[in-house]
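Work through the following exercises with the sequence and the model side by side, and try each task before reading its solution.

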Number of protein chains: 2
Amino acid sequence: MENNKEKTEPDVSTEDKIKGAARIVFYKKGFAATRTRDIAEEAGINLALLNYYFRSKAKLFEIIMIETLSGFMKSMVILLNDPKTDLDEKTGSIVSKYIDLITKEPEIPTFIVTEIRSNPGLLLEKLPIKQIIQHSVFIKQYKEAVEKGDITEPNPLHFLINLIGLIVFPFIAKPLIIGGIEMKAQEFDNLIQERKKLIPVWIKAMMSAR
Amino acid sequence: MENNKEKTEPDVSTEDKIKGAARIVFYKKGFAATRTRDIAEEAGINLALLNYYFRSKAKLFEIIMIETLSGFMKSMVILLNDPKTDLDEKTGSIVSKYIDLITKEPEIPTFIVTEIRSNPGLLLEKLPIKQIIQHSVFIKQYKEAVEKGDITEPNPLHFLINLIGLIVFPFIAKPLIIGGIEMKAQEFDNLIQERKKLIPVWIKAMMSAR
DNA sequence: GTCTATAACGTGATAGAC
DNA sequence: GTCTATCACGTTATAGAC
């Protein structure tokens with residue numbers, strides 16, 4: 001029912017049309033390579049309206065950036081702080097949740113990576129990752145598992161980097177995989193779906209390796 | 001002896017000064033966000049010289065891009081095709097080689113990822129990844145290991161994605177790690193050095209998990 | 001709120017003197 | 001080969017009519 005492009009949607013506000021279009025274009029091309037004309041055209045509106053609703057290209061970008069980042073992190077924080085799930089369940093739900101999420105919007109990881117490079121300061125003020133992760137249920141459970149000997153790697157940062165990396169990296173490297181090996185888009189999707197089952201198994205094996 | 005910035009180097013050709021500066025600026029900012037003036041300034045030469053030696057910004061970029069890509073892939077192809085090493089040794093040498101390489105030039109992975117997004121066609125003509133990898137010694141050895149039951153995951157693509165991802169992802173996510181967790185640069189380097197020993201162990205555990 | 005027209009500016013590239 | 005000066009163009013942003 002609401003599955004169509006913005007252009008054919010009748011009852012969305014102009015402001016939201018612009019934001020939707022900005023998301024599409026910024027995700028695909030990044031800030032520097034995006035022209036405000038691209039956004040206006042994608043939104044099906046006049047160029048001047050962009051500056052009427054948002055003051056500038058930079059301001060519009062910042063809004064998209066912050067929304068994207070916080071939207072992306074939100075599920076992570078919630079899942080890591082769930083007291084009702086153990087470590088294995090947390091791994092499984094994060095893998096499943098994020099592979100689905102990124103499959104729907106595959107450009108997001110590369111977008112975040114490229115744009116944070118040119119603006120590293122923006123996020124660390126806006127997103128209090130540190131506090132949330134350091135006092136999370138996950139960290140507590142991780143330390144317990146290390147003490148019990150279920151996990152051999154004492155540093156939870158390796159765990160998180162590996163988990164997120166195994167999920168996200170194929171999407172970041174997608175053009176290289178597709179292009180380098182002449183893979184069809186459908187085959188790539190299958191590969192990703194396979195990983196949904198494999199990554200939790202891999203993670204468990206890795207972190208208890210000796 | 002030759003450890004200084006280009007600016008103070010006496011006896012490098014102007015052409016090489018420009019290429020060196022272009023590498024630095026393109027790596028850091030990407031094609032779209034780079035101004036030819038930035039490169040000229042970094043090289044300590046006049047802007048007009050850039051167009052004298054290289055026809056345009058795009059042409060200069062293409063040279064840097066191709067040199068970077070082929071330089072980055074070269075070691076991989078060689079190591080994967082070495083008939084004298086087994087799978088474990090290949091893993092170890094690739095991890096060690098690439099962590100050292102990227103530690104020296106940490107911006108390369110993000111540079112490749114971001115710039116290939118806007119120019120996916122460029123590389124797949126220039127780099128015959130497919131042929132080289134499909135007929136590699138590595139593939140042969142991998143299939144043998146699967147048949148012997150040493151490896152449970154039948155698809156070598158997962159192996160390669162995981163291996164490269166575990167190596168490269170921390171560098172790509174570096175601003176997030178450093179910023180998000182308020183890590184010092186030195187601590188990050190230590191983390192990376194730890195991974196040099198850990199990744200081979202992890203990979204072995206992952207790929208023989210059941 | 002939305003449009004057209006245009007100002008203001010930045011950037012890639014070149015002409016031409018040395 | 002190297003420089004200064006400048007052109008030509010694309011892009012962001014705004015003024016002002018509707």
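**Exercise 1. Find which side chains of the protein make polar contacts with phosphate oxygens of DNA strand D.**

Begin with Arg35(A), where a polar side-chain atom lies 2.9 Å from a phosphate oxygen of DNA strand D; a polar contact here is a pair of N or O atoms within 3.5 Å. Then turn to chain B, where an N or O atom in the side chain of Asn46(B) is 2.9 Å from a phosphate oxygen of this strand, and where a polar side-chain atom of Tyr53(B) lies 2.5 Å from a phosphate oxygen. Helix H2 (36-43) and H3 of chain A, together with H3 of chain B, are the elements that give two or more residues to the surface near DNA strand D, where helices are DSSP runs of H or I with at least four residues, numbered from the N terminus. The most comes from H3(B), with four residues.

A word on the source: this is a predicted model, in which local features need pLDDT of at least 70 and side-chain atom pairs count only at pLDDT 80 or more, while totals for chains, interfaces and linings use all residues. Residues are numbered from 1 along each chain as its sequence is written, chains are lettered from A and ligands numbered from 1 in the order in which they are written, and side-chain values use heavy atoms, with hydrogens and water left out.

**Exercise 2. Describe the surroundings of DNA strand C, and state which residues come nearest.**

Start with the 15 residues around DNA strand C, of which Asn46(A), Tyr53(A), Arg35(B), Thr36(B) and Lys57(B) come nearest; a residue is near a strand if one of its heavy atoms lies within 4 Å of it. Of the atoms of DNA strand C that come within 4 Å of the protein, sugar and phosphate account for 63%. Next, look at single atom pairs: a phosphate oxygen of DNA strand C is 2.6 Å from an N or O atom in the side chain of Tyr53(A), and a phosphate oxygen is 2.7 Å from such an atom of Arg35(B). Arg37(B), by contrast, has a polar side-chain atom 3.0 Å from a base nitrogen of DNA strand C. Finally, H3(A) gives the most to the surface near DNA strand C, with four residues.

**Exercise 3. State how chain A is divided into domains, and how many residues of each take part in the contact.**

The domain assignment, which is automatic or from a database, gives domain 1 (8-55) and domain 2 (65-207) of chain A. The contact, meaning heavy atoms within 4.5 Å, takes six residues from domain 1 of chain A and seven residues from domain 2 of chain A. The C-alpha centres of these two domains lie 29 Å apart.

**Exercise 4. Examine Glu182(A): what is its phi, and is the residue buried or exposed?**

Phi of Glu182(A) is near 55 degrees, a positive value in a residue other than glycine. Most residues other than glycine have a negative phi. The place of Glu182(A) is in the loop between helix H11 (174-181) and helix H12 (185-207) of chain A. At 52% relative accessibility, Glu182(A) counts as exposed, because exposed means over 50% relative accessible area, buried under 20% and partly exposed in between, with a 1.4 Å probe and protein chains only. In chain B, Glu182(B) also has a phi near 55 degrees, and Glu182(B) is exposed, with a relative accessible area of 54%.

Key: A polar contact is a pair of N or O atoms within 3.5 Å; within protein, one must be able to donate a hydrogen and the other to accept it, and residues adjacent in sequence count only if both atoms are side-chain atoms.
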